[in-house]
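Trainee: Could you take me through one part of this fold at close range? I would like to start at a loop and then follow the connections outward from there.

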Amino acid sequence: MLFLQFPLLAVLLPGGSNEEVFQEPVSFYLIQISSFANKTWAQNQGSGWLDELLTHGWESELGTIIFLHAWSKGNFSDAELMDLELLFRVYFIGFIREIQDHASALKLEYPFELQVSAGCELHSGRSPKGFFHVAYQGSDFLSFQNMSWVPSPKGESRAQNVCNLINQYQGIQETVQRLVRNSCPQFVFGLLDAGRMDLQRQVRPQVWLSSSPTLSPDWLLLVCHVSGFYPKLVWVTWMWGEQEQPDTKQGDILPIADGTWYLWVILNMMTEDAAGLSCQVRHSSLGSEDIIIYWSNHISMNFILIPLGVILPLMLLIGLVVVFKKHW
């Protein structure tokens, strides 16, 4: 039974506590996505995240942990990590088997997907906070609270039935409590220590402006591009003098292959008013000096570049004509 595998986790995983103080809230969590196509086919995907930084993956075919950074092992020994890897392998296999065996009784309709998010959140001067959430088809299903499993209102009777089943096994509650309250914080402290140089790095953003025409010839869609910055937290907006433009719209902050981030911020503005605008960027790598780029300077550059783009091809064409005439 899957239920009997959980107490084994508490025996093999390291526990303990750490009183080290840090400045910002930090979270580490594992994400499990289990897809069930039918009674005979299912697949598990797993990943580990330190805040919004992907630190671990899971090779489902081999049943092995993928360490995405040199420091992703934290302060756990190779033996502890091997035990952890074995436990995840057994857990994933058992999870699929148990769900498939009870899918009909629990009224889980194929195809369906289960998502699990489990980990801990650390705050300076406060006890670690553990969490374990389960979603069914993308909607909240159940969670672990105060040493018991609690159904989500969205889970209805199906979630209540699952909670009634697993709440009978006290070993599960004790193991989950120890994992998210003790083992997880210890692992987080190890990650923060081992990855200190990488996690604390500062990369200055590169900023440039562009524009796109709109349906109306009197309006421009102004775009401020901010690329290659780290860490992820950044402040970007369009300004008119000292005033922030309320119609500024920000896209998602997207990852770049080198581990830095990219963001665009747009503003729809009348062409005649655009010359007074600027894009302002604040980031920890910049210290107290913001990056400010004025649209008026961008217009001036375009004014210079556009004639060159016309004149140079024209000069080349004239030169070719002269050469051919001489040759003729």
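Mentor: Happily! Let's start with Pro111, which sits in the loop between helix 2 and strand 5 (112–122); helices (H or I, at least four residues) and strands (E, at least two) are DSSP runs, numbered from the N terminus. The bond that leads into this proline deserves your attention: the peptide bond from Tyr110 to Pro111 is cis, with omega near -10°.

Before we go on, please keep in mind that this is a predicted model, in which local features need pLDDT of at least 70 and side-chain atom pairs count only at pLDDT 80 or more, while totals for chains, interfaces and linings use all residues. Residues are numbered from 1 along each chain as its sequence is written, and side-chain values use heavy atoms, with hydrogens and water left out.

Now step back from the loop into helix 2, which covers residues 78–102. Its 25 residues reach 36 Å from the first C-alpha to the last, close to the 36 Å expected at 1.5 Å a residue (the expected span is 1.5 Å times one less than the number of residues). Several of its residues are buried, among them Leu81, Leu84, Tyr91, Phe92, Phe95 and Ile99. Here buried means under 20% relative accessible area, exposed over 50%, and partly exposed in between (1.4 Å probe, protein chains only).

That buried list also includes Glu85, a charged residue with 17% relative accessibility. Glu85 has a partner: a salt bridge links it to Arg89, the closest N and O atoms being 3.6 Å apart (the rule asks for a side-chain nitrogen of Lys or Arg within 4 Å of a carboxyl oxygen of Asp or Glu). Why are these two placed to meet? Glu85 and Arg89 are four residues apart in helix 2, so about one helical turn separates them. Arg89 is partly exposed, at 28% relative accessible area, whereas Glu85 counts as buried. As background, side chains of opposite charge can pair when their charged atoms come close.

The cis bond at Pro111 has a counterpart elsewhere in the chain. The peptide bond from Tyr230 to Pro231 is also cis, with omega near 5°, and Pro231 belongs to the loop between strand 10 and strand 11. Follow that loop to Lys232 and you find another salt bridge, this one with Glu52, at 2.5 Å from N to O. Glu52 lies in the loop between strand 2 (42–50) and strand 3 (53–59), and Lys232 in the loop between strand 10 (219–229) and strand 11 (235–240), so the pair ties together parts that are 180 residues apart in sequence. Both ends of this bridge are partly exposed, Glu52 at 48% relative accessible area and Lys232 at 23%. By the salt-bridge rule, the count comes to six. One of the others joins Arg201 and Asp198, at 3.3 Å from N to O.

Let's return to strand 5 by way of strand 1 (residues 26–36), where you will find Ser27. Ser27 touches Trp49, Leu50, Asp51, Cys120 and Glu121, leaving aside residues up to four places away in sequence; a contact means heavy atoms within 4.5 Å. At 13% relative accessibility, Ser27 counts as buried. Contacts between distant positions are well represented overall: residues 24 or more positions apart account for 58% of the protein's contacts with a separation of 6 or more.

For the wider setting, the protein has six helices and 17 strands, and buried residues make up 39% of its 328 residues. If you would like a second helix to set beside helix 2, try helix 4 (residues 170–194), which has 25 residues and reaches 35 Å, close to the 36 Å expected. Helix 4 has a kink of about 35° centred on Leu179, where the bend is the angle between axes fitted to the seven residues ending there and the seven starting there.
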